[in-house]
Amino acid sequence: MLNNIIKFFLENKLITVILLVLVVAWGIVTAPFNWNTGFLPNDPVPVDAIPDIGENQQIVFTDWMGRSPQDVEDQITYPLTTSLLGLPGVKSIRSTSMFGFSSIYIIFEEDVEFYWSRSRILEKLNSLSSGLLPDGVQPKLGPDATGLGQVYFYTLEGRDEKGNPAGGWDLHELRSIQDYYVRYGLAGTEGVAEVASIGGHVKEYQVDLDPVAMKAHDVSMMQVMNAIKQSNLDIGANTMEINQVEFIVRGLGYVKSLEDIEKAVVKVSNNVPLRIKDIAKVNIGPASRAERAILDKGGAEAVGGVVVARYGDNPLQVIDAIKEKIIEISPGLPTKTLEDGTISKVTIVPFYDRSGLIKETLSTLNEAISLQILITIIVIMVMVYNLRASLLISALLPLAVLMCFIMMKYFGVDANIVALSGIAIAIGTMVDLGIILNENILRHLEESDDKKSKLQIIYDATAEVSSAILTAVMTTIVSFLPVFTLQAAEGKLFGPLAYTKTFALIAALIFTLVFMPAFAHWVFGAKVKSKNYRTILNFLMAFSGFVLLFYFS
């Protein structure tokens, strides 16, 4: 079967050329180096700086404001943990109880699909018995992201027209802008799982009760709570028909200012209403930050956010989309004029952008692989001492790398520093395949007589070493089987390297046995009549190779 495949592509060169063009175009489309593909679409391999070696976990958060860690542990964390233990594929469950909230980390087996595990958790949370948790407590599932998904951090700062820090904004103002404008704008970006707010003060209405006044009027705290709750309602009544016109009767009661709360009636004694302002002071103040992080930037408290990339998405594309969205929403950010006449505009200022690290990693690997391919080509030119054979062998390397990108894309192997290192490691073995085939073709051409056609000679030479080449590649691939069997963090760290090296070897094998014989028939078909001219040409090629090798080393 292998010989039939070789013969088919050797005899049908049009199909071979068309297939080669498709593979090259496809490889350029999926290449992770952000090449300008021109009229071709751009669908690169997902790119990150390092492999994600985190555990296959999901997080369940539960808020219970104002409760002590012990209460949270007894009434939320423990009941939820015991209920979630029966989920299929669960490896272990870890939990944390803190003031006002509970976090439960559910660790699944590595072979459990990410979104399947989320579905099982949601089913379990929806089927919990009604009396298991306190009233008003609702567990919620964390974002569909991993620990490596935090790709972009930013702060909101007041800047003048020249971009210099101007200030003039309170923390609660910046937090309100972040929560109700910036966060919603960025959350709609493709590939974003969550935009979390950090720092600042969440503005809220606060009622400071006077215990002496409450005791004098015989008012309990529960009565005050009910009065505030009932005063913040819109009530629908019924309809009235007057002069054949139907009117809808409603009671508008939502709180819109401090005065609305102050005028709320707690109770009526002897037809005299007792209002909130008689027993308390109503102010606007910051919410408690017992469970919220404080963001410090340059020694000063700041307000910002964290952009979390969705599981499986391309982090580099997500960051680029976030930057485009920031440019889009920035004109809508508010401005104010300070006392000195400076116009301060709220500006989104990044302080952690992983795209820089990703691009630096890719640039380093791109340069390393390019130089390695170039030096390998120079060595081939020097050692093989045949210009046409050197061109065939040298063309194998970049073409096989492009096919490797295609395999990485559709086998779900992300491009990172470990994965791309596998390609660099495989380059030496990839070259050997081309050298073996071309040396055998050259030997057959030198020993042949005029009885066989050149096509038959190249086919015989390729068929003679095809099984040996296939065996050599399979032996190298089999030697990596222990790496494929690694589990957990070790498997996630070294698995991409084993995959990319295997992909590179398979691609080199395909190019050696499928494409190279057909092009060898063309390349070696042209004869150089003058032996002296051929010797001079090969000598110049070898000399140029030595010069380039010395230069790049």
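Contact here means heavy atoms within 4.5 Å. With that in hand, a good place to start in this predicted model is Thr-512, which sits in helix 16 (residues 488–523). Leaving aside residues up to four places away in sequence, Thr-512 touches Leu-396, Leu-433, Gly-434, Leu-437, Ile-469 and Pro-517. Buried is the label for anything under 20% relative accessible area, so Thr-512, at 0% relative accessibility, counts as buried. Its side chain also has a polar partner: the backbone oxygen of Ala-508, reached at 2.6 Å.

Next comes the open sheet, built from four strands in the order 2-3-1-4 with antiparallel pairing. Strand 2 (90–98) and strand 4 are the edge strands, each pairing on one side only. Helix 3 packs on this sheet and touches strand 1, strand 2 and strand 3, its direction making about 165 degrees with that of strand 2. Within the sheet, seven bridges hold strand 1 and strand 3 together in the antiparallel sense. Take Val-60 as an example: its bridge partner in strand 3 is Ile-104.

Helix 4 meets the sheet too, lying across strand 1, strand 3 and strand 4 and running at about 30 degrees to strand 1. Helix 4 covers residues 114–126, 13 residues in all, and spans 19 Å from its first C-alpha to its last, close to the 18 Å expected at 1.5 Å a residue. At its N-terminal end, helix 4 is capped by Glu-113, which places a side-chain oxygen 2.9 Å from the backbone nitrogen of Tyr-115.

Which residues of helix 4 are buried? They are Phe-114, Ser-117, Arg-118, Arg-120, Ile-121 and Leu-125. These residues lie on the same side of helix 4, because they cover an arc of only 160 degrees around the axis. As for what they pack against, the buried residues of helix 4 meet strand 1 (57–63), helix 3 (69–84), strand 3 (101–108) and strand 4 (140–141).

Further along the chain there is a hairpin, formed by strand 8 and strand 9 with two residues between them. One turn residue, Asn-243, has a positive phi of about 55 degrees. Strand 8 (residues 235–242) and strand 9 (residues 245–251) run antiparallel and are joined by six bridges. Among the paired positions is Thr-239, whose bridge partner in strand 9 is Ile-248.

How values were computed:
Residues are numbered from 1 along each chain as its sequence is written. This is a predicted model: local features need pLDDT of at least 70, side-chain atom pairs count only at pLDDT 80 or more; totals for chains, interfaces and linings use all residues. Side-chain values use heavy atoms; hydrogens and water are left out. The expected span of a helix is 1.5 Å times one less than its number of residues. Buried means under 20% relative accessible area, exposed over 50%, partly exposed in between (1.4 Å probe, protein chains only). The arc is that of the directions from the helix axis to the C-beta atoms. A polar contact is a pair of N or O atoms within 3.5 Å; within protein, one must be able to donate a hydrogen and the other to accept it, and residues adjacent in sequence count only if both atoms are side-chain atoms. Two strands pair if DSSP finds at least two bridges between them. Axes are lines fitted to C-alpha atoms, for helices over the stretch in contact, and angles run from 0 to 180 degrees between N-to-C directions.
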